[in-house]
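Here's a quick briefing to read with the structure open beside you. Take it one topic at a time and find each spot as you go.

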Amino acid sequence: MNTSIRRPAAEQPALPYPNLLSELDLGRTRLKNRVVMGSMHTGYEDYPWMIDKLAAYYGERAAGGVGLIVTGGYAPNYLGSTVPLFGQFTTKLVAKSHRKITDAVHEHGAKILLQILHTGRYAFHPLAVSASATSAPTTPFRAWKMPGWLIRSTIRDYARAAKLAKAAGYDGIEVMGGEGYLINQFLAPLTNKRTDEWGGTPQKRRRFPVEITRQIRAAVGPDFILQFRISLVDYVPEGQTWEEIVALAKELEEAGVDIFNTDIGWHEARVPTIVTSVPSGAFVEYTHALAQQVDVPVIASNRINMPEAAEQILAETDVDLISMARPLLADPNWVNKAKAGQSDLINTCIACNQACLDHAFAHKTVSCLLNPRAGRETQLQLLPTRKAKKVAVVGAGPAGLATAVSLAERGHSVTLIEGDDRIGGQFLIASKIPGKEEFRHTLRYFQKQLEHHKVQVRLNTRITAAQLSAEGFDDVVVATGVAPRMPRIPGVEHPMVLSYADVVKEGKPVGKRVAVIGAGGIGFDVSEFLTTEDSPTLHLKEWRQEWGVSDPVDPARGGPRGGIVAPKPGPSPREVYLLARTPGPLGRKLGKTSGWVHRAAIKAKKVVQLSGVNYEKIDDQGLHITFGEEHKDPRVLEVDNVVICAGQESQRGLYDELVAKGVRAHVVGGALLAGELDAKRAIRQGTELAAAL
Ligand code: NAP
Ligand code: SF4
């Protein structure tokens with residue numbers, strides 16, 4: 001910890017978040033506040049002709065007040081790319097093109113670092129290399145063991161990339177040393193089986209990053225920020241110990257590191273580190289412990305998304321800066337809103353990963369479920385309208401809310417009409433699922449935006465096409481959403497049958513033995529809801545037990561290698577069957593970065609998963625099922641309730657009626673298409689329509 005660089009809160013009494021918004025003097029340069037936009041691969045890094053989009057993306061975040069930005073990862077050589085030839089930083093030509101990015105950021109007084117990332121065995125190509133010949137569970141390719149000459153030339157490549165970054169106008173570089181990428185692969189016995197000068201002992205395993213740091217510092221001189229992303233806990237068997245991590249940090253500091261950005265868990269770790277269900281600030285204790293061991297500033301990251309939490313961390317621990325990548329995708333004006341004391345207007349990242357990391361891992365360009373403008377700053381703009389219209393939006397779910405707020409932001413006169421007594425639609429249901437409580441932030445955000453933009457809101461109102469027509473709206477947007485689908489199963493009208501909305505939203509009582517029909521996203525959510533005790537919010541201690549995470553480091557005692565212990569999930573209050581008609585494992589269509597967490601969570605709660613099921617009938621005995629086309633293996637699941645999660649049907653009758661009456665009508669979200677309905681599409685469609693009207 002470097003106490004000399006911390007500005008006492010008392011020096012800036014006018015700031016709403018005095019620690020978060022205070023400057024940081026790094027000696028050779030100053031950061032205007034303690035907010036760091038962490039690295040997020042956008043997909044644009046891979047295409048040189050996309051540089052303008054990247055510049056607009058970072059420029060908008062810099063204008064939004066962030067102090068320091070770290071770019072997505074760039075490989076120091078072709079072997080280090082995720083996909084061959086993608087995202088390298090190896091030539092003067094590439095460096096020159098990055099001037100657009102650095103200029104766009106500097107224009108707003110922010111600083112920017114280029115992240116250098118060698119993927120090692122995480123590469124998706126047959127030339128993947130690593131400390132030893134090993135395979136990662138996340139790619140089909142087995143990595144080649146790096147010979148000594150390749151290790152030495154790779155170190156030089158890091159230094160060359162750093163020198164080129166300096167020429168491109170960057171304020172420094174971040175070396176990615178975590179998440180299970182190449183440097184981490186050298187550091188952990190799991191992946192470094194060498195017995196030469198690059199492995200065999202902790203000291204030899206850390207030689208690779210220490211040499212990289214030394215050579216970068218020698219190449220760039222003293223006036224260039226050298227930030228190192230250090231893995232504070234690997235969450236893999238045969239990962240590093242806390243003592244090894246501290247020893248690494250000390251050597252790196254001596255070799256020239258200016259700032260440590262902290263990182264939690266490898267990509268292949270079976271401990272969730274970034275999804276919504278991970279408790280807020282779950283890993284801050286690790287960062288605090290590192291800050292006590294080093295003299296340079298240390299950055300905390302992961303599951304910090306609001307200024308209040310960030311301020312508390314800075315005030316109560318030795319952490320110096322807060323890194324957020326996804327929260328700044330969701331709201332580029334996060335810092336400016338915090339500065340203005342308007343944190344309730346922040347569009348809070350809900351850690352769903354649906355449009356950011358799920359896109360990144362599918363090699364698609366990154367955006368945000370809540371902010372479809374993210375990554376599309378040059379294409380999707382909400383410009384002030386030249387002709388204000390009178391617009392009605394019917395339905396206050398995600399699609400209707402996004403449409404209403406975006407239209408009002410552009411200067412239209414908007415009336416939002418909702419049949420329910422609350423705004424939120426399907427998000428009201430989602431926010432009641434264990435681990436998804438943060439979805440309430442989205443409801444708060446929209447509520448505040450409706451007030452801020454003076455949208456007239458009519459709740460408890462079932463409006464007809466005739467009434468809308470009589471009120472003389474220029475345009476009507478139908479965002480009436482969906483209704484749960486009731487499958488045609490004999491006996492489906494039995495009182496034991498409930499819809500997911502009955503259970504989650506209305507809180508109807510559910511017995512001890514339950515069958516859930518339909519294993520889509522909502523079937524999984526409902527299974528988690530039913531197998532969690534009444535108070536669903538997991539506290540940090542219980543969450544650690546559930547996922548087999550050791551208590552954070554006590555430097556005196558150390559901890560288990562890799563930070564993992566045997567999981568001890570809490571008992572389920574119910575016996576639950578989760579059923580699907582489609583054969584094969586359940587949950588294959590869930591999100592790439594969150595699906596495995598949901599699958600592991602219901603497995604831990606011993607939910608019985610059955611696929612290839614035919615629903616024969618429901619009666620007083622329970623749910624009668626058979627399997628496969630031959631209707632074999634008949635069984636009765638003797639359950640108290642059957643909960644239907646069989647998808648939804650569009651509610652778009654109003655739109656058809658409006659069109660018949662000659663009203664200019666538009667339809668968005670689930671009302672347009674219920675199949676595979678998701679909030680990402682609903683919010684994007686609403687925002688795009690508002691931009692076009
Ligand atoms: P869904 O993903 O479409 O799943 C509904 C499931 O019900 C289908 O997979 C289908 O599976 C089954 N089904 C469909 N018609 C049926 C019928 N007539 N009889 C019996 N079973 C039937 O819909 P959802 O679960 O309601 O989710 C809605 C949307 O919200 C999805 O886009 C989802 O991605 C999103 N969401 C995602 C998450 C998440 O990722 N954690 C959570 C909540 C919601 P079978 O035919 O195989 O039985
Ligand atoms: Fe956050 Fe979800 Fe947006 Fe990603 S898509 S930035 S996780 S809200």
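What follows covers a ligand's surroundings, one tyrosine and one helix. Keep in mind that this is a predicted model.

**Around ligand 2**
- Start with the neighbours: ligand 2 is surrounded by Arg326, Leu329, Cys349, Ile350, Ala351, Cys352, Asn353, Ala355, Cys356, Cys368, Leu369 and Leu370.
- Sort that shell by class and you get 10 nonpolar residues, 1 polar and 1 charged.

**Tyr615 and its company**
- You'll find Tyr615 in strand E22, which runs over residues 613-619.
- Tyr615 counts as buried because its relative accessibility is 15%, and buried means under 20%.
- Skip the neighbours within four places in sequence, and Tyr615 is in contact with Ile489, Ile517, Gly518, Leu579, Ala580, Arg581, Leu623, His624 and Ile625.
- Take Leu579 from that list: it sits 36 residues from Tyr615 in sequence, yet their C-alpha atoms are 9.3 Å apart in space.
- The side chain of Tyr615 also reaches the backbone oxygen of Leu579, at 3.3 Å.

**Helix H9 and what covers it**
- Helix H9 spans residues 284-291, and 6 of its 8 residues are buried, so the rest of the structure largely encloses it.
- The buried residues in H9 are Val284, Tyr286, Thr287, Ala289, Leu290 and Ala291.
- What covers those buried residues includes three strands you can look up, E9 (225-233), E10 (259-264) and E11 (298-300).
- Helices join in as well: H8 (242-255) and H10 (307-316) are among the elements covering the buried residues of H9.

Note on methods:
Residues are numbered from 1 along each chain as its sequence is written. Chains are lettered from A and ligands numbered from 1 in the order in which they are written. This is a predicted model: local features need pLDDT of at least 70, side-chain atom pairs count only at pLDDT 80 or more; totals for chains, interfaces and linings use all residues. Side-chain values use heavy atoms; hydrogens and water are left out. A residue is near a molecule or strand if one of its heavy atoms lies within 4 Å of it. Ala, Val, Leu, Ile, Met, Phe, Trp, Tyr, Cys and Pro count as nonpolar, Asp, Glu, Lys and Arg as charged, and the others, Gly among them, as polar. Helices (H or I, at least four residues) and strands (E, at least two) are DSSP runs, numbered from the N terminus. Buried means under 20% relative accessible area, exposed over 50%, partly exposed in between (1.4 Å probe, protein chains only). Contact means heavy atoms within 4.5 Å. A polar contact is a pair of N or O atoms within 3.5 Å; within protein, one must be able to donate a hydrogen and the other to accept it, and residues adjacent in sequence count only if both atoms are side-chain atoms.
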